[in-house]
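Reader: I'm new to reading structures and would love a close look at one part of this one. Could you pick a part, walk me through it slowly, and then show me how it sits with the rest?

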Amino acid sequence: MSEIKCKHCTKNFDKDMHYCPYCRTPTQQQRELETAEIKKKFIRYFLILIVVCIFMVLWLPRNT
Ligand SMILES: [Zn+2]
């Protein structure tokens with residue numbers, strides 16, 4: 001069993017834990033997972049926004 005040290009409270013805990021059991025600080029690995037998840041969500045919303053923009057440009061009447 002290997003342990004990692006919490007950056008926040010410097011206590012040791014099992015590396016399989018996602019959060020420090022003492023201060024609830026997420027581990028570096030967990031933080032990276034969460035960041036990747038947020039990035040994925042952001043890209044999805046961004047693509048939806050682009051599709052909506054293209055639709056609006058095509059759908060709205062032009063003043064020509
Ligand atoms: Zn901690």
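Author: Sure! Let's start with what the labels mean: helices (H or I, at least four residues) and strands (E, at least two) are DSSP runs, numbered from the N terminus. Keep in mind that this is a predicted model. With those labels, the protein has one helix and two strands, and along the sequence they come in the order β-β-α.

The part I'd pick is the helix, H1, which covers residues 28–59. H1 is made of 32 residues, and from its first C-alpha to its last it reaches 46 Å. That is close to the 46 Å expected at 1.5 Å a residue. Here's a handy thing to know when you look at any such helix: an α-helix has 3.6 residues a turn, so residues three or four places apart point the same way.

Now, is H1 buried or in the open? The number of its 32 residues that are buried is zero, so H1 lies largely in the open. Take Lys 41, one of the residues in H1. Lys 41 counts as exposed because it has 10 C-beta neighbours inside 10 Å, and the cut-off for exposed is 12 or fewer. Its C-alpha is also 28 Å in space from that of His 8, which is 33 residues away in sequence.

Let's step back along the chain from the helix. Arg 24 belongs to the loop between E2 and H1. Its phi is near 65°, which is positive even though Arg 24 isn't a glycine. Why might that catch your eye? Most residues other than glycine have a negative phi. Arg 24 is exposed, because 10 other C-beta atoms lie within 10 Å.

Further back is Thr 10, in the loop between strand E1 (3–5) and strand E2 (12–14). Thr 10 isn't a glycine, yet it has a positive phi of about 60°. With 10 C-beta neighbours inside 10 Å, Thr 10 counts as exposed. Before E1 comes the segment that holds Ser 2, which counts as exposed because it has 7 C-beta neighbours inside 10 Å. From Ser 2 to Arg 44 it is 37 Å in space, C-alpha to C-alpha, and 42 residues in sequence.

So how does the whole thing look? The C-alpha trace spans about 70 × 20 × 10 Å along its principal axes. A compact globule of 64 residues would have a radius of gyration near 11 Å, while this protein has 22 Å. Of its 64 residues, 2% count as buried. Among contacts with a separation of 6 or more, 0% come from residues 24 or more positions apart.

Last, the confidence: the average pLDDT is 92, and 97% of the residues score at least 70. Our chosen part, H1, is where confidence is highest, at 95, and E1 is where it is lowest, at a mean of 93.

Conventions. Residues are numbered from 1 along each chain as its sequence is written. This is a predicted model: local features need pLDDT of at least 70, side-chain atom pairs count only at pLDDT 80 or more; totals for chains, interfaces and linings use all residues. A residue is buried if 20 or more other C-beta atoms lie within 10 Å of its own, exposed if 12 or fewer, and partly exposed in between; C-beta atoms are placed from the backbone. The expected span of a helix is 1.5 Å times one less than its number of residues. The radius of gyration is taken over C-alpha atoms; the globule rule is 2.2 Å times the number of residues to the power 0.38. Two residues are in contact if their C-beta atoms, placed from the backbone, lie within 7 Å. pLDDT is the predictor's confidence in each residue, from 0 to 100.
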